[in-house]
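This briefing is for a reader who has not met this structure before. Please look over the sequence and the model first, then read the notes by topic.

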Amino acid sequence: PLPPVTASSKAGYQAQPDALGLAKKTNGRPGIVDLARDMPVTWTYVVTNNGPRRITDIVVTDDKEPKVTCPEPAALDPGASMECTAQGTAEVADYRNRAAASGRNPDGKPVSSPQVEGGYRIPAPSPSGRRPVPSVRNGRGRSPRAPGRSRSTPRGRPRPSGRSGRA
């Protein structure tokens, strides 16, 4: 018979590192969202422990929002997530903020997530005073129209043929 195989070296072995993940949403949507001025804003931060060990003392910091609230105790087992929030009001036309999560592993060493960005914009009102309605573009810089319908002036009258109707 063959002798039993044994391993005595850890060469080439690399343990999975401790890691936190962070996802950020503005009023329930990721990325930069359109909001109306003076609209309430809720930022949601979902922190996930992507590593093999428990992470404790977790905090979320945002470069512009002074108070991000997380559940207590702020600790996560491997694979677990928690939701933190911050509140505000849409006041400036173009608002971007960055956030990161951090905590401590069982050895007391710091563990951080990559930074994530989010925010909002307040679209400028149209000349009529209404907010612009997002539209789908057809690749030629125009919104699609129903077949058989002609382009019309802002007052709803058909444009004369052969003229663009633009000043």
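The notes below go from the whole chain to the sheet, the core, the aromatic rings and the disulfide.

The model is predicted. Its protein chain has zero helices and nine strands. Buried residues account for 26% of the 167 residues in the chain.

**Overall make-up**

- Read from the N terminus, the elements of the protein chain follow the pattern β-β-β-β-β-β-β-β-β.
- Counting contacts in the protein chain between residues at least 6 apart in sequence, 63% join residues at least 24 apart.

**The four-stranded sheet**

- Four strands form an open sheet in the order β2-β1-β4-β6, and their pairing is antiparallel.
- The edges of this sheet are β2 (29–30) and β6 (81–89), each of which pairs on one side only.
- In general, strands of a sheet pair through backbone hydrogen bonds, either parallel or antiparallel.
- Strand β4, made up of residues 40–49, is joined to β6 by nine bridges, and the two strands run antiparallel.
- Val47 has Met82 of β6 standing opposite.

**The nonpolar core**

- The largest nonpolar core contains 26 residues, and Tyr45, Val47, Val60 and Tyr120 touch the most other members.
- Two or more core residues come from each of β1 (20–26), β4, β5 (56–62), β6, β7 (94–104) and β9 (116–121).
- The element that gives the most to this core is β4, with four residues.
- Val47 thus appears twice in these notes: it is among the residues that touch the most other core members, and it stands opposite Met82.

**The aromatic cluster**

- The structure has two aromatic pairs.
- One of them is formed by Trp43 and Tyr95, with 5.7 Å centre to centre and 40° between the planes, and this pair is tilted.
- Because Trp43 lies in strand β4 and Tyr95 in strand β7, this pair ties together parts that are 52 residues apart in sequence.
- Trp43 has 1% relative accessibility and counts as buried.
- Tyr95 also counts as buried, at 12% relative accessibility.
- Tyr95 and Tyr120 are stacked, because their ring centres are 5.1 Å apart and their planes are at 15°, an angle under the 30 degrees that marks a stacked pair.
- Since Tyr95 belongs to strand β7 and Tyr120 to strand β9, the stacked pair ties together parts that are 25 residues apart in sequence.
- Tyr120 has a relative accessible area of 2% and is therefore buried, the cut-off being under 20%.
- Together, Trp43, Tyr95 and Tyr120 make one aromatic cluster.
- Which residue lies over the face of Tyr95? It is Lys64, at 5.2 Å from the ring centre.

**The disulfide**

- The structure has one disulfide.
- This bond joins Cys70 to Cys84, with an S to S distance of 2.1 Å.
- The link of Cys70 and Cys84 is right-handed, with 110° about the S-S bond.
- Cys70 lies in the loop between β5 and β6, and Cys84 lies in strand β6, so the pair ties together parts that are 14 residues apart in sequence.
- Cys70 and Cys84 are both buried.

**Where the topics meet**

- Strand β6 is an edge strand of the sheet, gives two or more residues to the core and holds Cys84 of the disulfide.
- Strand β4 is joined to β6 by nine bridges, gives the most residues to the core and contains Trp43 of the aromatic cluster.

Note on methods
Residues numbered from 1 in each chain as written. Predicted model: local features only at pLDDT ≥ 70, side-chain atom pairs only at ≥ 80, totals over all residues. Heavy atoms only, no water. Pairing = 2+ DSSP bridges. Core = buried A, V, L, I, M, F, W, Y, C linked by side-chain atoms within 4.5 Å. Buried < 20%, exposed > 50% of the residue type's maximum accessible area, 1.4 Å probe, protein only. Phe/Tyr/Trp six-rings, centres within 6.5 Å; stacked < 30°, edge-to-face > 60°. Lys NZ or Arg CZ within 6 Å of the ring centre and 35° of its normal. Disulfide = S-S within 2.5 Å. Contact = heavy atoms within 4.5 Å.
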